[in-house]
Amino acid sequence: MANGGPVEHGYPHLETVRAAVTALYKRLSYDTIQTFATSVAPVDVAFCDTDDLHLGTQRVARELVRHYRLPDARMIVGFREMEHAAHIELAAGPEYFVELNDRFRTHRRDIGAALAHEIMHVYLHRLDLSFPGTRDNEILTDTATTYLGAGWLLLDAFREDAVTSQKLGYLTPEEFGYVLAKRALLFGEDPSTWFTSAQAYEAYARGLAQARRDEQQPPLTAAGWAGRRRYARDRRHAQDRVPADGSGTAYAFTPDGRGPLRVSFPCPTCHQRIRVPVRGRVRARCALCRTVLECDT
């Protein structure tokens, strides 16, 4: 939790975020992810200063448990002084003990954001899905929280001005915006109407632009002129077996024995790599997320 300190910006964890999205599709399947098409509604996690602290916290926790489809999980929430925003003990269940930073006693509108992240730890624990190392595992948790419909709360908790700042989670604001935009493009949502933080809205707009760039990379037909020109040059070098500088490109050419040259590239939805023959216009279907892609190989 950044509380008054500097907030990191940009996309320093982008590759781990993309790997987390792929891992979700592999572990949950396309059909399960589709059951999360509706995000947590603002009215269901609203918390005003006149609400009873403990009763309100339990209400929000129950709503997030319901959203994550953990009906046999019970959250017992308390408050104490600590460095981080929150902590949860991942026991066998069904009871889980969540501790929130004392700061949330007076910043109640962000309690939902803290709980969304901690309860996602329970969800991933039950799935037996994790990344090695604390940092990458927390990035996985933030990504899963956002992609499955509750992470807009974490982004909305980001506020920054000339003298103060607050940010929850391990992703940067722009990375939260990127994952939220990926979800919005998948389900046709417009989460921008839910933000109470102007800084969160700006970060979402930047993340949306980054997400759209994923859909405009060659060999996709939506690629821009410069990308298509570089792709054509790299394809020519690959056909002539001339070593090419592949730095900065997501696609890679590979020979297929005595068959046609093939190109592999990441699916713009789930980032699983797709491999198709190099033969002009091709329609490819990602086997993992079922996205149909128009390509010009």
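Let me begin with a term: a residue is called buried when its relative accessible area is under 20%. The model before us is a predicted one, and I shall discuss two parts of it, a helix and a sheet.

I start with helix H1, which covers residues 14-28. Its 15 residues reach 21 Å from the first C-alpha to the last, close to the 21 Å expected at 1.5 Å a residue. By the criterion I have just given, H1 is mostly covered, with 11 of its 15 residues buried. Among them are Leu-14, Val-17, Ala-20, Val-21, Leu-24 and Leu-28. The buried set also includes Thr-16, Arg-18, Thr-22 and Tyr-25.

What covers these buried residues of H1? The covering elements include helix H2, at 30-34, and helix H4, at 111-127. Helix H5 (134-147), helix H7 (173-187) and helix H8 (198-214) also contribute to the cover. Just after H1 comes Ser-29, which takes a positive phi of about 85 degrees.

I turn now to the sheet. It is open, consists of 3 strands in the order S7-S8-S9, and has antiparallel pairing. Strand S7 (252-254) and strand S9 (273-277) are the edge strands, each pairing on one side only. From one strand to the next, the twist averages 30 degrees.

Finally, I consider how S7 is joined to strand S8, residues 262-266. The two run antiparallel and are connected by 3 bridges. Which residue stands opposite Arg-262 of S8? That residue is Thr-254.

Key. Residues numbered from 1 in each chain as written. Predicted model: local features only at pLDDT ≥ 70, side-chain atom pairs only at ≥ 80, totals over all residues. Heavy atoms only, no water. Pairing = 2+ DSSP bridges. Helix = DSSP H or I, 4+ residues; strand = E, 2+ residues; numbered from the N terminus. Axes fitted to C-alpha atoms, helices over the stretch in contact; angles between N-to-C directions. Expected span 1.5 Å × (residues − 1). Buried < 20%, exposed > 50% of the residue type's maximum accessible area, 1.4 Å probe, protein only. Contact = heavy atoms within 4.5 Å.
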